[in-house]
Amino acid sequence: MTTKSPSASPEFSVREFFQRFPDDDACLAHIMQVRFGGTRFECASCGKESTHHKLAARRTFVCANCGHHVNPTANTILHDTRTPLVSWFYAMYLFCTTRHGVSGKELQRQLGVTYKTAYRIGQQIRVLTSKAQGFDALLAGHVELDEAYVGGRRSGGKRGRGAPGKTIVMGLAERDGRMKAVVIPDVKKDTLRNVVLDNVEPGSVVSTDELVSYNLLAGDGFTHGAVKHGKKEYAHYDHRSGETFHVNTVEGFWRLFKASVRSTHVQISAKHMQRYLDEFTFRASNRGRVNGMFDLLVGAL
Ligand SMILES: [Zn+2]
């Protein structure tokens with residue numbers, strides 16, 4: 001059910017990072033490894049299995065047989081960058097290891113670049129976290145759903161559902177598995193139903209709060225249970241299905257997300273919300289696999 005990552009070492013320290021990637025050549029070699037399986041592969045031009053040598057002072061490798069050029073950063077966000085590849089790699093590393101996310105200010109400090117550059121790098125890595133998740137597969141098994149109201153003004157005015165500038169988001173989590181979160185326009189019946197139909201495999205077990213009505217999902221072939229938060233119920237065991245219905249995983253995710261946004265990002269507009277959601281679900285889906293997460297990002301370049 002869970003997508004396995006290429007490598008799954010639980011630890012990847014900062015020290016280890018700089019040992020593995022001391023300079024841009026090391027980064028290039030790693031991109032070659034992830035994209036082509038190394039420097040020996042079938043040449044796209046001559047068709048021979050041949051070794052590719054790196055050209056000095058350039059981001060280019062050359063086929064030993066026919067001289068065909070391979071640029072491992074072609075068609076990636078790294079192609080025209082003037083920022084050293086090590087800085088990009090270190091920024092990706094921070095995105096994999098920092099639970100609360102990485103703000104533009106933090107990247108500016110850590111990479112020694114301007115705020116504008118740091119912000120741009122951060123946004124582009126968020127796009128990578130979205131690509132790296134490759135959400136073609138529907139969530140399955142027991143899936144929790146819970147909505148939240150995020151962003152908007154920090155203080156003053158109304159709080160909660162009706163507060164101005166808030167974005168409505170829906171979180172979906174497989175028990176002990178992958179996570180996904182999407183921006184939704186409202187919490188009308190059809191909207192909620194479509195979120196489930198678009199993202200969850202039919203026949204799955206679905207936990208929600210009381211916002212989603214029973215017969216809505218049962219009619220679509222889901223086994224659905226709801227916790228009645230209004231009645232201070234936080235989990236309930238269903239004897240007929242043998243399932244325990246609760247949305248604690250997603251609630252925990254929203255708590256972390258909201259606290260992180262408050263402490264590091266100050267304000268996120270509705271327009272940019274999906275990128276931040278992708279960043280956080282990427283980490284949540286790959287908990288404890290920093291190496292694997294890092295290579296997923298490199299692979300998504
Ligand atoms: Zn060749």
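## A zinc site, two cores and a well-packed helix

At 29% relative accessibility, Cys 46 counts as partly exposed, because that value falls between the 20% limit for buried and the 50% limit for exposed. This is a predicted model, and Cys 46 is a good place to enter it.

Cys 46 is one of the residues that hold the zinc ion: the donors are the SG atoms of Cys 43, Cys 46, Cys 63 and Cys 66, at 2.3 to 2.4 Å. Along the chain these donor residues follow the spacing C-x2-C-x16-C-x2-C. Cys 46 sits in the loop between strand 1 and strand 2 (49-54), while Cys 66 sits in the loop between strand 3 and strand 4, so this pair ties together parts that are 20 residues apart in sequence. Why is the arrangement of the four donor atoms called tetrahedral? They subtend angles of 104 to 113° around the zinc ion, and the arrangement counts as tetrahedral because all angles lie between 85 and 135 degrees.

The strands just named belong to an open sheet of four strands, in the order 1-2-3-4 with antiparallel pairing. At its edges are strand 1 (40-42) and strand 4 (69-70), each of which pairs on one side only. Strand 3 (residues 61-63) is joined to the antiparallel strand 4 by two bridges, and within strand 4 it is His 69 that stands opposite Val 62.

Here are four residues set side by side by accessibility:

| Residue | Relative accessible area | Class |
|---|---|---|
| Cys 46 | 29% | partly exposed |
| Cys 66 | 38% | partly exposed |
| Gln 123 | 5% | buried |
| Ser 204 | 6% | buried |

Now to the nonpolar interior. Which members of the largest nonpolar core touch the most other members? Of its 40 residues, they are Phe 89, Leu 107 and Phe 294. Two or more residues come from each of helix 2 (24-36), helix 3 (85-97), helix 4 (104-111), helix 5 and helix 10 (290-300), and helix 3 gives the most, with 11 residues. Leaving aside neighbours within four places in sequence, Leu 107 has contacts that include Ala 91, Leu 94, Phe 95, Ala 118 and Ile 121. A second, separate core has 18 residues, among them Val 182, Ile 184, Val 206 and Phe 222.

Phe 222 also appears around Ser 204. Ser 204 lies in the loop between helix 6 (189-199) and strand 8 (205-209). Not counting residues up to four places away in sequence, Ser 204 touches Leu 139, Ala 140, Gly 141, Phe 222 and Thr 223. Its C-alpha atom is separated by 8.0 Å from that of Gly 221, which is 17 residues apart from Ser 204 along the chain.

Helix 5 (residues 115-133) is where Gln 123 is placed. Beyond residues up to four places away in sequence, Gln 123 touches His 272, Arg 275 and Tyr 276.

Helix 5 is also among the partners of helix 8. Helix 8 (residues 248-265) has 18 residues and reaches 25 Å from its first C-alpha to its last, close to the 26 Å expected at 1.5 Å a residue. Its buried residues include Val 250, Glu 251, Phe 253, Trp 254 and His 265. What do the buried residues of helix 8 pack against? Their partners are helix 5, strand 5 (142-150), strand 6 (167-174), strand 7 (179-183) and helix 9 (270-285).

Definitions and conventions: Residues numbered from 1 in each chain as written. Predicted model: local features only at pLDDT ≥ 70, side-chain atom pairs only at ≥ 80, totals over all residues. Heavy atoms only, no water. Buried < 20%, exposed > 50% of the residue type's maximum accessible area, 1.4 Å probe, protein only. Contact = heavy atoms within 4.5 Å. Expected span 1.5 Å × (residues − 1). Core = buried A, V, L, I, M, F, W, Y, C linked by side-chain atoms within 4.5 Å. Pairing = 2+ DSSP bridges. Donors = N, O, S within 2.8 Å, 3.2 Å for Na, K, Ca; no water. Tetrahedral: all angles 85-135°; square planar, octahedral: opposite > 155°, others 65-115°.
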